[in-house]
Amino acid sequence: MFSEFKEFIAKGNVMQLAVAVIIGGAFATIVKSLTDEVIMPLVGAVFGDVDFSDKYIILSGEDAIETGMSLEAAREAGANVLAWGSFISAVINFLILAFIIFLLVRYTMKIMAQFEKKEEAAPEEPAAPTEIELLTDIRDALKK
């Protein structure tokens with residue numbers, strides 16, 4: 001079992017996957033920052049200077065919180081809240097990541113299709129004559 005695991009790890013695909021996961025994690029951080037620091041403030045400005053990250057609905061524990069408390073303060077006070085603003089931010093993060101992954105896959109497929117076309121367009125070497133063709137040519141040469 002250990003040798004099979006070692007063989008599995010040694011394959012190039014596993015290393016490529018590991019690199020992709022690390023880069024994907026770093027990219028997700030960039031997209032989260034883009035969403036939280038650029039997109040959501042613009043969306044908030046359009047809707048009247050609203051910060052979506054602190055938007056929530058109190059499900060229970062209204063006694064413990066004051067009006068206008070931040071989401072973190074409401075959670076620390078023990079209120080059960082539905083953080084719909086954070087959910088909207090997460091959905092926007094997902095949509096950005098999904099769109100970029102779509103573009104990468106689309107571009108990769110185009111490149112792969114171009115390589116396949118080049119391979120198909122490459123001229124094939126003529127097939128070597130078969131044994132029967134060689135014997136026929138020898139017979140014809142002997143007749144002359």
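Which residues make up the largest nonpolar core? This report starts there and then moves through the rest of the structure. The model is predicted.

## Nonpolar cores

The largest nonpolar core has 7 residues. They are Y56, I65, L71, A74, A79, V81 and A83. A second, separate core has 5 residues, among them V31, M40, F52 and I92.

Y56 has many partners further along the chain. Setting aside neighbours within four places in sequence, Y56 is in contact with I65, M69, S70, L71, A74, V81, L82, A83 and W84. Some of these names belong to the largest core, including I65, L71 and A74.

## W84 and its partners

W84 is found in helix α4. Is W84 buried, partly exposed or exposed? Its relative accessible area is 32%, so W84 counts as partly exposed. The cut-offs behind that label are 20% and 50%.

W84 meets residues from an earlier stretch of sequence. Beyond four places in sequence, W84 is in contact with F52, K55, Y56 and I57. Take K55 as an example. W84 and K55 are 29 residues apart in sequence. In space, their C-alpha atoms are 6.2 Å apart.

## Where α2 meets α4

T35 lies in helix α2, which covers residues 12–46. S89 lies in helix α4. The two residues are in contact.

T35 has a relative accessibility of 0%, so T35 is buried. S89 is also buried, because its relative accessible area is 8% and the cut-off for buried is under 20%.

What does T35 touch, leaving out residues up to four places away in sequence? The list is M40, P41, S89, I92, N93 and I96. With neighbours within four places again set aside, S89 is in contact with T35, D36 and M40. M40 therefore appears among the contacts of T35 and among those of S89. M40 also belongs to the second nonpolar core.

## Salt bridges

How many salt bridges does a search of the whole structure find? The search finds 2.

One salt bridge joins the side chains of D36 and K32, at 2.6 Å from N to O. Both residues lie in helix α2. They are 4 residues apart, about one turn of the helix. D36 is partly exposed, with a relative accessible area of 28%. K32 is partly exposed too, at 43% relative accessibility. D36 is also one of the contacts of S89.

The other salt bridge links R139 with D140. Their closest N and O atoms are 3.3 Å apart. R139 is partly exposed, with a relative accessible area of 45%. D140 counts as partly exposed at 32% relative accessibility.

## The largest pocket

The largest pocket holds about 230 Å³ of space. Which elements give two or more residues to its lining? They are α2 and α4, the latter covering residues 84–121. Helix α2 gives the most, with 6 residues.

The lining consists of A20, V21, I23, G24, F27, A28, L97, I100, I101 and L104. By type, the lining has 9 nonpolar residues, 1 polar residue and no charged residues. The polar one is G24, because Gly counts as polar here.

## Drawing it together

Helices α2 and α4 come up again and again. T35 lies in α2, S89 lies in α4, and the two are in contact. Both helices also contribute to the lining of the largest pocket. W84, in α4, is in contact with Y56, and Y56 is part of the largest nonpolar core.

Key
Residues numbered from 1 in each chain as written. Predicted model: local features only at pLDDT ≥ 70, side-chain atom pairs only at ≥ 80, totals over all residues. Heavy atoms only, no water. Buried < 20%, exposed > 50% of the residue type's maximum accessible area, 1.4 Å probe, protein only. Contact = heavy atoms within 4.5 Å. Salt bridge = Lys/Arg side-chain N within 4 Å of Asp/Glu carboxyl O. 1 Å grid on protein atoms, 1.4 Å probe; cavity = no way out; pocket = protein on both sides within 12 Å on 5 of 7 lines; lining within 4 Å. Points joined across faces, edges and corners; volume = space filled by probe spheres on them. Core = buried A, V, L, I, M, F, W, Y, C linked by side-chain atoms within 4.5 Å.
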